[in-house]
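User: Hi! I am new to reading protein structures, and I would like to go through this one step by step. Could you help me?

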Amino acid sequence: MAWVKRNLIFVITVAVGLIATGYCGYLLFSALSANTAVSDDYTTKSGQLKTLADAKPPVTTTNIQLAIADQTRVKDFLGDFRKAFAPFPTPPKVDDPGFVEYLQRSLKGFAAEATNNGVQLPQDYAFSFSQQKDKVSFTPECVGPWMQELQEMKAILHIVFGAKINYFQEIQRPPACSDDNNGNDVLSAASISNTWGSVTPYKVTFRCFSQEIANVLAGFADSSNCFIVKYVNVTQSKEALPQLAALAPAQVQQPIYFQRPQYNPNGGSGRYGPRGMREPYVQRSQAPILMAAPAAPTPPQTILQETPLFVTIVVDAVKLKPPEQPAAAATAVKPRGRER
């Protein structure tokens, strides 16, 4: 310790020198590490540049412009592609009385559209809502899915009725909530949702001929909404389609008229008698005579008669999620406080 006291300045100088040397070593090591990172980045960028230079086609101004044009075409294609996945109308948000009114109005609209297209329906058919049409209160989480299903069924029935089928049997939908737990109105399969959207299956059965089946499938293909026909089953119908009764010849009464001449009682004959007789007058009288209606014309002879068919179609209604909008950059400037 005495030596340290005698050489205190020397000891302090050595200590400061060691600390400075260590700090310099740290700076040197950091500089070498940064240099290595920069060198690696330079090597990577040089390799990428060489790859781009050797690429076919090469990276030139013309090719960049062509790539931008291709990108624009792809965006346009995606826009047209999404038109085939047009969303279904958003149903209004209603309470229990509002849903009852909306359901009754929708069922009447379905039946009216079928009648206008000459499609026969089962008597008092409820279009898979037989359990709900006579109720006035519902589980809260059921009303929203039911409203959405009504929108999708409206599009499906519009296609089926527009194809001029002969007889509509039924439509079945997936269960929307716990209230759809029994009956023939619902399917065993449920809706499927994922990151892209949702798929809702429906089953439609009807009776018609082969031309109407083609019209139904063409309607699904041409629809602005996305419908995927998953299953088609066609069998011979066990029930004959309703036919118009033939008109039988009937007996009718048709009035006819005849003429009976009457002459002047003063005598004379002919139109112009010797004593200036006037011409005989004619009295019209009516008498009913029984006449048969003309026979109906002979119908054409049927050479090939088409058999009515019983058709079952399972179709999926596909709904895409709306595209995510990019977050807008905050451009608003906060107002400054009052300067004092």
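User: How many salt bridges does the count come to?
Analyst: Happy to help, and please keep in mind that this is a predicted model. A pair counts as a salt bridge when a side-chain nitrogen of Lys or Arg is within 4 Å of a carboxyl oxygen of Asp or Glu. By this rule, the count comes to six.

User: Glu149 forms a salt bridge with which residue?
Analyst: Glu149 is part of helix H5, and its partner is in the loop between strand E1 (167–172) and strand E2 (192–193), 24 residues apart from it. The closest N and O atoms of the two are 3.0 Å apart. The partner is Arg173.

User: Is Arg173 buried or exposed?
Analyst: Buried means a relative accessible area under 20%, and exposed means over 50%. Arg173 has a relative accessible area of 0%, so it is buried.

User: Is Glu149 buried or exposed?
Analyst: We can use the cut-off of under 20% for buried again. The relative accessibility of Glu149 is 5%, so Glu149 counts as buried.

User: Which side chain meets Asp180 in a salt bridge?
Analyst: Asp180 and its partner are both buried. Their N to O distance is 3.0 Å, and the partner is Arg173.

User: Where do Asp316 and Lys230 lie, and how many residues apart in sequence are the parts that this pair ties together?
Analyst: The side chains of Asp316 and Lys230 meet in a salt bridge of 3.3 Å, N to O. Asp316 belongs to strand E7 (residues 309–320) and Lys230 to strand E4, so the pair ties together parts whose separation in sequence is 86 residues.

User: Is Lys230 buried or exposed?
Analyst: Its partner Asp316 has a relative accessible area of 10% and is buried. Lys230 has a relative accessible area of 54%, and over 50% counts as exposed. That makes the answer for Lys230 exposed.

User: Which residues are joined into one network by salt bridges that share partners?
Analyst: Look for a residue that turns up in two bridges. Arg173 forms a salt bridge with Glu149, and Arg173 also meets Asp180 in one. The network therefore joins Glu149, Arg173 and Asp180.

User: Arg173 lies over the face of which residue?
Analyst: Here we move from salt bridges to a charge over a ring. Arg173 is 4.2 Å from the ring centre, and the ring belongs to Phe129.

User: The charged end of Arg207 sits over the ring of which residue?
Analyst: This is another charge placed over a ring. The charged end of Arg207 is 4.4 Å from the centre of the ring, which is that of Tyr167.

User: How many aromatic pairs are there?
Analyst: Rings of Phe, Tyr and Trp pair if their centres lie within 6.5 Å. By this rule, the count comes to ten.

User: What kind of pair do the rings of Phe88 and Phe227 make?
Analyst: A pair of aromatic rings is described by the distance of the centres and the angle of the planes. The centres of Phe88 and Phe227 are 5.8 Å apart and their planes are at 70°, so the pair is edge-to-face.

User: How many residues apart in sequence are the parts tied together by Phe88 and Phe227?
Analyst: Phe88 is buried, and so is Phe227. Phe88 sits in the loop between helix H3 (61–83) and H4, while Phe227 is in strand E4 (residues 226–236), so the parts they tie together have a sequence separation of 139 residues.

User: Is Phe127 buried or exposed?
Analyst: Phe127 lies in the loop between H4 and H5, and it forms one aromatic cluster with Phe110, Tyr125, Phe161 and Phe168. Its phi is near 55°, a positive value in a residue other than glycine. Its relative accessible area is 1%, so Phe127 is buried.

User: And is Asp124 buried or exposed?
Analyst: Asp124 lies in the loop between helix H4 (96–116) and helix H5 (140–162), and its phi is near 55°. At 63% relative accessibility, Asp124 counts as exposed.

User: Which helix gives the most to the nonpolar patch?
Analyst: Trp3, Phe10, Val14 and Leu18 make this surface patch of about 440 Å². Leu18, which is exposed with a relative accessible area of 60%, is found in helix H2. With three residues, the helix that gives the most is H2.

Notes
Residues numbered from 1 in each chain as written. Predicted model: local features only at pLDDT ≥ 70, side-chain atom pairs only at ≥ 80, totals over all residues. Heavy atoms only, no water. Patch = residues over 30% accessible without salt bridge, like charges linked within 9 Å, V, L, I, M, F, W, Y side chains within 5 Å. Areas by Shrake-Rupley, 256 points an atom, 1.4 Å probe, with all protein chains shown as cover. Helix = DSSP H or I, 4+ residues; strand = E, 2+ residues; numbered from the N terminus. Buried < 20%, exposed > 50% of the residue type's maximum accessible area, 1.4 Å probe, protein only. Phe/Tyr/Trp six-rings, centres within 6.5 Å; stacked < 30°, edge-to-face > 60°. Lys NZ or Arg CZ within 6 Å of the ring centre and 35° of its normal.
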